Amino acid sequence: MSVRLTDLLSSIAAKSGLLARKCADLKALNDKLLADLEEARAETEEARKELARAQKEIDYLRISHALSASDPGDLDRSRQALSGLVRKIDRCIARLEAEE
């Protein structure tokens, strides 16, 4: 009977050691995956910001093209009008951010 209990205890000890190692491995994997997730989120946020900047640039170029196409001889006036629009948009954005 004591041999059987000793065998059971050693079996339990071996299995608990194995479980402890697996637990440690899983914790390490979890930490790595959390770090990867955070990095992916940061990359996604950066990509969203870049997309927003690119979209804004496209909008500016469309407006610029539209303004210059209506009067190709007066490029300076078109640029001034576009700059005025950009300043107006920036003021609106600043007001919206201040309200939040």
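Is E46 buried, partly exposed or exposed, and at what relative accessibility? E46 counts as partly exposed, at 43% relative accessibility. This residue is a useful place to enter the structure, which is a predicted model. The account below begins with the chain as a whole and then comes back to E46.

The secondary structure of the chain consists of two helices and zero strands. Helix 1 covers residues 2-70, and helix 2 covers residues 75-99. The chain has 100 residues, and 4% of them count as buried. About 8800 Å² of the chain is exposed, and 60% of this area is supplied by carbon and sulfur atoms.

Charged side chains come next. Side chains of opposite charge can pair when their charged atoms come close. In this model there are three salt bridges. One of them joins K32 and D36, whose closest N and O atoms are 2.8 Å apart. Both residues belong to helix 1 and are four residues apart, so about one helical turn separates them. K32 is partly exposed, its relative accessible area being 49%. Its partner D36 also counts as partly exposed, at 33% relative accessibility.

E46 takes part in another salt bridge, in which its side chain meets that of R53 with an N to O distance of 3.3 Å. R53 in turn forms a salt bridge with E50, and here the closest N and O atoms are 2.8 Å apart. R53 and E50 are three residues apart in helix 1, which means that about one helical turn lies between them. Together, E46, E50 and R53 are linked in a network of salt bridges. What is the relative accessible area of R53? The value for R53 is 44%, so this residue is partly exposed. E50 counts as partly exposed too, at 44% relative accessibility. As given at the start, E46 is partly exposed at 43%.

The surface also carries patches. Which residues form the positive one? The positive surface patch is made of R87, K88, R91 and R95. Of these, R87 lies in helix 2. R87 has a relative accessible area of 48% and is therefore partly exposed. A residue needs over 30% relative accessible area and no salt bridge to be part of a patch, and the 48% of R87 is the value to hold against that cut-off.

A nonpolar patch on the surface is formed by L5, L8 and I12, which together have about 300 Å² of accessible area. L8 is found in helix 1. With a relative accessible area of 46%, L8 is partly exposed. This value can be read against the cut-off of over 30% used for patches.

Cysteines are the last topic. How many disulfides does the model contain? The count comes to zero disulfides, where a disulfide would require a pair of cysteine sulfur atoms within 2.5 Å. C23 counts as partly exposed, at 36% relative accessibility. C92 counts as partly exposed as well, at 43% relative accessibility.

In outline, the predicted model has two helices and zero strands. Its salt bridges include the one between K32 and D36 and the network that links E46, E50 and R53. Its surface holds a positive patch that includes R87 and a nonpolar patch that includes L8.

Key
Residues numbered from 1 in each chain as written. Predicted model: local features only at pLDDT ≥ 70, side-chain atom pairs only at ≥ 80, totals over all residues. Heavy atoms only, no water. Buried < 20%, exposed > 50% of the residue type's maximum accessible area, 1.4 Å probe, protein only. Areas by Shrake-Rupley, 256 points an atom, 1.4 Å probe, with all protein chains shown as cover. Patch = residues over 30% accessible without salt bridge, like charges linked within 9 Å, V, L, I, M, F, W, Y side chains within 5 Å. Salt bridge = Lys/Arg side-chain N within 4 Å of Asp/Glu carboxyl O. Lys, Arg positive; Asp, Glu negative; His and termini not counted. Charge placed at Lys NZ, Arg CZ, Asp CG, Glu CD.
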